[in-house]
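Work through the exercises below with the sequence and the structure open beside you. Try each task before reading its solution.

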Amino acid sequence: MCVHGIRRWGPAAVALTLLAGAFQGIQASPAAAVGCFRATCSGKDPIEMGCDDDAELLQQITEPDGSVVIRLMWSYMCQGVWAKVSRDLDTSPDYVYGTLWTTRDPEGGVQQADTTGLLADGVAGAYTKMQNWKKTSAKACWNDVDAQYDPMPLKYIVNNNDASMPTVHGSCTDWL
């Protein structure tokens, strides 16, 4: 009786085995491996680490004339955040800096900056290194003054008065 059952199911078992082998060839490939996660992404290049593969735009600011665009980017897989600046080479200011500003306290505290530096002649865009998204608030800015210049600093309150500087020489995304 066992021998007879094997003969009857033998061809079906072979067909199922072959079919399973065929499906192995069309399985979805595993997600691309990334080179860092959260704290290990701080100071790393998002492209080199593979974090741009799933990059999402958190916020974008475009100048009214379209000459400069600043973007705050992030990667879910890496849990990293960075700034990306692009410009129209014909209409943008001669000096364009992109900066990622981060702080651990969105209501105040010390700001840290990572910058693209001055975009060289003929360079239409650049991006900053990443920071750990989990431990920070971040904003992306561009300006035409200097790499460490923040055109929209945090609100500075002195003796119960708003001592913040006016917004000049660039723009920023909101703190996120």
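**Exercise 1.** Find which residue takes a positive phi in the hairpin of S1 and S2, and describe how the two strands are joined.

*Solution.* Step 1: in this predicted model, five residues lie between the strands of the hairpin. Step 2: within the hairpin, glycine 66 has a positive phi near 75 degrees. Step 3: S1 and S2 run antiparallel and are joined by seven bridges. Step 4: to place one residue of this pairing, look at isoleucine 61, which stands opposite isoleucine 70 in S2.

**Exercise 2.** Arginine 38 and glutamine 79 each have a positive phi without being glycine. State where each one is found, and decide whether each is buried, partly exposed or exposed.

*Solution.* Step 1: the phi of arginine 38 is about 45 degrees, and that of glutamine 79 is about 60 degrees. Step 2: arginine 38 is in the loop that links helix H1 (2-24) to strand S1 (55-62). Glutamine 79 is in the loop between strand S2 (68-75) and strand S3 (80-87). Step 3: buried means under 20% relative accessible area, and exposed means over 50%. Step 4: arginine 38 has 29% relative accessibility, so it counts as partly exposed. Glutamine 79 has 10%, so it counts as buried.

**Exercise 3.** Describe the largest nonpolar core and name the elements that give two or more residues to it.

*Solution.* Step 1: the largest nonpolar core has 13 residues. Step 2: Ile70, Leu72, Val85, Val96 and Trp142 have the most contacts inside it. Step 3: the elements giving two or more residues are S2, S3 and strand S8 (137-143). S2 gives the most, with four residues. Step 4: a second core, separate from this one, has eight residues, including Cys36, Cys41, Met49 and Cys51. Step 5: for the general background, nonpolar side chains tend to be buried together in soluble globular proteins.

**Exercise 4.** Which residues does tryptophan 142 touch, leaving out those up to four places away in sequence?

*Solution.* Step 1: take the partners with lower numbers, among them Glu63, Val68, Ile70, Val85, Pro93, Val96, Tyr97 and Gly98. Step 2: add Pro151, His169, Gly170 and Ser171. Step 3: compare with the core, where Ile70, Val85 and Val96 are named beside Trp142 among the residues with the most contacts.

**Exercise 5.** Give the strand order of the open sheet of four strands, and name its edge strands.

*Solution.* Step 1: the order is S5-S4-S8-S11, with antiparallel pairing. Step 2: strand S5 (112-118) and strand S11 (170-172) each pair on one side only, and these are the edge strands. Step 3: ignoring direction, neighbouring strands of the sheet are turned by 15 degrees against each other on average. Step 4: S8 and S11 are joined by three bridges. Cysteine 141 has cysteine 172 in S11 as its bridge partner.

**Exercise 6.** Summarise the whole protein, and locate a stretch where the pLDDT is below 50.

*Solution.* Step 1: the protein has one helix and 11 strands, and the helix comes before the strands when read from the N terminus. Step 2: of the 176 residues, 36% are buried. Step 3: among contacts with a separation of 6 or more, 60% join residues 24 or more positions apart. Step 4: the mean pLDDT is 82, and 74% of the residues reach 70 or more. Step 5: the pLDDT is below 50 over residues 12-30, and this stretch has zero contacts in the model beyond near neighbours in sequence.

Key
Residues numbered from 1 in each chain as written. Predicted model: local features only at pLDDT ≥ 70, side-chain atom pairs only at ≥ 80, totals over all residues. Heavy atoms only, no water. Buried < 20%, exposed > 50% of the residue type's maximum accessible area, 1.4 Å probe, protein only. Core = buried A, V, L, I, M, F, W, Y, C linked by side-chain atoms within 4.5 Å. Contact = heavy atoms within 4.5 Å. pLDDT = per-residue confidence, 0-100. Pairing = 2+ DSSP bridges. Axes fitted to C-alpha atoms, helices over the stretch in contact; angles between N-to-C directions.
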